[in-house]
Amino acid sequence: MMELGKAAELCYNITTSYLAIDESCSQIVNETQNAIKITRQILLEDVFTRWSPLNGEISFSYNGGKDCQVLLLLYLGCLWEFFILKAKSSQFEMKYQVFPMKTLPTVFIDQGDTFETLEEFITLTARRYGLSMYEPPTNSDSKYTSNMAGAFQVFLDRFPQTEAIVIGIRHTDPFGETLKPIQKTDSNWPQFMRLQPILHWKLRHIWSFLLYSNEPICGLYGCGFTSIGSIHNTLPNPYLERESYPEASLPYSYEIEHGYSGIQADYKPNCLPLSPKDDPLLGHASKFYPGWYLIDDSLERAGRVHRKSSH
Ligand code: FAD
């Protein structure tokens, strides 16, 4: 397991490196740099000044999806910056300063019927980023309207010091349009603060930063998936079918060719292989472009089979 301090420093370096790219190299990079600056401002100036990120008051909700992975990279980068600023203002010399947390309090609600590839990715990234992952048992007798809300009550009962939870939701997600970066949960949810610092991010910003980071990408995205739900309601995105769209082009060549630390000798995204259990999906990989070819936010969930909302 990578120590949290090491993971935070890595994420800080990735973010700083991305922000240093010459903004004239692409409009998407320029937009993403601005999106990162807003997220960092929310975290460093509005969140970490109200709740300490170093004592369990803040937890992170993580389901292995691309959005919360990007938010995790940014959050950890800000955590490192917060630690360094505190350390510099301390009376003790820098060499005596030790990163104060071993792991990041994290919650994953296992809603069942998850792709094995995603489960493995969550386990791998929990180790990689120093997450202490708690999985509340889901309670079908919950007094709350959704099973997810009930699971968060179980989480709060287990970790009562939690005051706020970070969420990788965006305005373009269903019911995301009117959300705010910092807000209370709704009255029919257990009460805590929701921290939603990537609401303003678009799909193209997510992929630009993730592809540049050179961090592992969940293998499902390599097979045409763009939004991952349960195995019963998620298919590759039909708008990525190669036969129907033979001319698709990718606007992230800079990010892929100049990825962080430049170790990518063959200029390929760092997309992980599928779990053997999900091998039947291999066929999709040849028929569909990878998920990062989709640019239009409004088509992101076109691979989801319709089901009733839990709201
Ligand atoms: P995604 O885009 O996959 O998820 C968006 C983000 O939600 C993820 O990046 C991750 O941070 C988190 N998330 C999603 N699924 C999981 C999971 N299984 N385990 C852990 N984290 C997950 N809805 C309300 O109507 N009222 C509320 O007050 C409310 N409070 C919430 C508080 C928290 C901490 C969370 C995680 C969700 C809350 N929701 C609430 C539901 C939320 O608005 C989204 O509907 C839900 O997160 C699923 O989003 P999505 O379908 O866009 O999936």
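Which residue in β2 is the bridge partner of S61? In this predicted model, the partner is V107. The pair belongs to strands β1 and β2, which cover residues 58–61 and 104–107. These two strands run parallel and are joined by two bridges.

The wider sheet can be built up from this pair. Six strands make up an open sheet with mixed pairing. Their order across the sheet is β3-β2-β1-β4-β6-β5. The edges are held by β3, residues 131–134, and β5, residues 182–184. Each edge strand has a single partner, so one side of each lacks a neighbour in the sheet. From one strand to the next, the twist averages 35 degrees.

On its other side, β2 pairs with β3. This pairing is also parallel, and four bridges join the two strands. V107 takes part here too, standing opposite Y134 of β3. V107 is thus linked to S61 as a bridge partner and faces Y134 in β3.

The side chains of β2 split into two sets. In a regular strand, side chains alternate between the two faces of the sheet. L104 and T106 point one way from β2. P105 and V107 point the other way. All four residues are buried.

Helices connect these parallel strands. Between β1 and β2 comes helix α3, and the three elements make a right-handed β-α-β unit. A second right-handed β-α-β unit consists of β2, helix α4 and β3. Helix α4 spans residues 116–128. Strand β2 therefore has a place in both units.

Helix α3 spans residues 66–88 and lies across four strands. These are β1, β2, β3 and β4, the last covering residues 164–166. The helix runs at about 155 degrees to β1. One residue of α3 is E81. Is E81 buried or exposed? E81 counts as buried because its relative accessible area, 17%, falls under the 20% cut-off. Beyond its close sequence neighbours within four places, E81 is in contact with Y12, R40 and L44.

Away from the sheet, two helices cross. Two packed helices are described by the angle between their axes and the distance between the axes. Helix α1 covers residues 4–19, and helix α6 covers residues 203–213. Their axes come within 10 Å and cross at roughly 115 degrees. The crossing is right-handed. From α1, the residues involved are I14, T15, S17 and Y18. They meet S208, F209, Y212 and S213 of α6. By class, this contact has four nonpolar and four polar residues, with no charged residues.

T15 is one of the α1 residues that meet α6. Its relative accessible area is 4%, and T15 is buried. Setting aside neighbours within four places in sequence, T15 is in contact with I36, R40, L73, L74 and F209. R40 thus appears among the contacts of T15 and among those of E81 in α3.

The loop between α6 and α7 holds two further buried residues, N214 and T226. Helix α7 covers residues 253–257. N214 has a positive phi of about 65 degrees, although N214 is not a glycine. With a relative accessibility of 10%, N214 is buried. T226 is also buried, and its relative accessible area is 4%.

Which residues does T226 touch? Not counting residues up to four places away in sequence, T226 touches K66, Y221, N237, L240, G291, L294 and E300. T226 and L203 are 23 residues apart in sequence. In space, their C-alpha atoms are 9.5 Å apart.

A positive phi is also found in another loop. F175 lies between β4 and β5. Its phi is about 65 degrees, and F175 is not a glycine.

Terms used: Residues numbered from 1 in each chain as written. Predicted model: local features only at pLDDT ≥ 70, side-chain atom pairs only at ≥ 80, totals over all residues. Heavy atoms only, no water. Pairing = 2+ DSSP bridges. Axes fitted to C-alpha atoms, helices over the stretch in contact; angles between N-to-C directions. Contact = heavy atoms within 4.5 Å. Left-handed = near helix turned anticlockwise from the far one by under 90°. Nonpolar A, V, L, I, M, F, W, Y, C, P; charged D, E, K, R; others polar. Buried < 20%, exposed > 50% of the residue type's maximum accessible area, 1.4 Å probe, protein only. Right-handed = clockwise from strand over helix to strand, strands pointing away.
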